[in-house]
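Student: Could we go through this model together, asking of each term why it applies?
Tutor: Gladly; let us set each value beside its definition.

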Amino acid sequence: MKTLLIRAEDKNRWERRAPLVPDDLAKIVTATGVKALVEQSEKRFFSREQYTAAGAEPCQGMGKGEVVLGVKEIPIEKILDRKTYVFFSHTIKGQKANMPLLRRIIDGSCTLIDYEKITDADDRRLIYFGPYAGDAGAIDILSLMGEHWAAKGIDTPFAAFRRAHQYDSVADARAHLTEIGRQIGKDGLPEAICPFSVGILGYGNVSKGAQQIFDCLPTERVEPDAVGAQLRPDRANRHTVYITIFKESDLVQPKAHGAGFDLAEYYHHPERYESRFEPYLPFFTLLVNAVYWESRYPRFVTWAGLKRLAGTRTPPKLCGIADITCDTNGSIECNVKSTDSDMPAYLVDPLTGTTRDGHLGDGIVLLAVDNLPCELPNDSSTFFSNQLRPFIPGLLGADFSKPLEESGLPEALQKAVIVYNGRLTPRFAYLQEHLSSSIISD
């Protein structure tokens, strides 16, 4: 059994999560007898005493660990040679900012396993924080909009709603929002923001997390093809929040005239498709983006589309966007930079194509926090840890001196090995081109 180490997160001061919570670590130690170390941290949600009780030994630095578990990227200067690292590396899309990190892992003859690629036979992710990104994003955008509207003299019950990190749990936030929902059901919302409509792009785990927050309010579902008819001021109800869930077929259409939408074709040949989302923009108060995106896919909200929207109505009905997936300059083009919980949003000016910090004033509020689950450290860590725990014994017992396919590493983990003993695995060989490009540009 290799020595297991849980590292101290250092992405920012808000990152308080852990890949394994004390209860799950205790079960692993009991079942395997592994020596477990926990790097000391002043901000981790779970205390040193809890981990000590679980059978772990506190330590400084990562030097004594053979298998190092983290959550977010590890700073390059902290990478040590010939270790196995498991964390979200944010390298699988060839992200330029993290190519130096990938190069350091290769040069150090290390092994890198990325949680994002731990999947089943149908390529469905097995370890993720998904629902809690949606939870936190929905909580935060409602809180931000309450303050935004209050600064404009529009009194809404959302002004009393707090940020996700200010609640003890999702259950706590939902209980408070349910009270607000009762108030809306009784007194309604101001005419200035009605009909209050929310468009949620996507239907997976992130979307479901956001939906369960909005569903604390008095909601009614509206199908995409009924948006134009039902979300008119003369038909809408001030006591109702209208929710529309968008699937791929609602977001894009084939470029070829007369062709029908085909999901498999879209995923394999996205260049054959174009966005069809812009006509929906005039009908929504808030947008929540929960769709996985890569640069080969069409954008859903563009600067040009927002400018056209503002040209027909100033200010536009659209007041806020929670870009939970947070691909900068991506599917939501006006997301030009990611934020953190200190300043979670900035204002977008659709007419000038510019942004400015803060969420009070004129413009569309854009929430762009790139690690939202960290705002719910207890709930999200526990959920994540419960998924990860069954894989740890196989990870610790694998023999990395053998070829990967003979190492004994569980199949789901083998699929997630980006670097094995200092070499890119065949599945991720395409990253060599991104590594080379990074060196040339440097």
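Student: What makes the lining of the largest cavity nonpolar by class?
Tutor: Its lining has 10 nonpolar residues, no polar and no charged ones. The lining consists of Leu69, Val86, Ile113, Tyr115, Ile118, Leu388, Phe391, Ile392, Leu395 and Leu413. Ala, Val, Leu, Ile, Met, Phe, Trp, Tyr, Cys and Pro count as nonpolar, Asp, Glu, Lys and Arg as charged, and the others, Gly among them, as polar, so Tyr115 goes with the nonpolar group. This is a predicted model, where local features need pLDDT of at least 70 and side-chain atom pairs count only at pLDDT 80 or more, while totals for chains, interfaces and linings use all residues. Residues are numbered from 1 along each chain as its sequence is written, and side-chain values use heavy atoms, with hydrogens and water left out.

Student: Why is a space called a cavity and not a pocket?
Tutor: On a 1 Å grid over the protein atoms alone, a cavity is a set of points where a 1.4 Å probe fits but cannot get out, whereas a pocket is an open set with protein on both sides within 12 Å along at least five of seven lines; lining residues have an atom within 4 Å of a point. The count is 1 cavity of 30 Å³ or more, and the largest cavity has a volume of about 40 Å³. Points are joined across faces, edges and corners, and the volume is the space filled by probe spheres set on them.

Student: What lines the second largest pocket?
Tutor: That pocket holds about 550 Å³ of space. It has 30 lining residues, with Pro315, Pro316, Lys317, Leu318 and Cys319 closest to its centre. Helix 4 (130-151) and strand 14 (345-349) are the elements giving two or more residues to this lining; helices (H or I, at least four residues) and strands (E, at least two) are DSSP runs, numbered from the N terminus. By class, the lining has 19 nonpolar, 4 polar and 7 charged residues.

Student: How do you know that lysine 93 and aspartate 327 form a salt bridge?
Tutor: A salt bridge is a side-chain nitrogen of Lys or Arg within 4 Å of a carboxyl oxygen of Asp or Glu. The closest N and O atoms of lysine 93 and aspartate 327 are 3.3 Å apart, so the pair qualifies.

Student: How many salt bridges does the whole structure have, and why does the pair of arginine 389 and aspartate 24 tie together distant parts of the sequence?
Tutor: The search finds 23 salt bridges. Arginine 389 and aspartate 24 have their closest N and O atoms 2.9 Å apart. Arginine 389 lies in the loop between helix 11 (377-388) and helix 12 (392-397), and aspartate 24 in helix 1 (residues 22-32), so the pair ties together parts 365 residues apart in sequence.

Student: What makes arginine 82 stand out?
Tutor: Arginine 82 has a positive phi of about 55° although it is not a glycine. Its place is in the loop between strand 4 (67-69) and strand 5 (84-86).

Student: Which peptide bond is cis?
Tutor: The bond joining cysteine 194 and proline 195 is cis, with omega about -5°. Proline 195 lies in the loop between helix 5 (170-187) and strand 7 (196-201).
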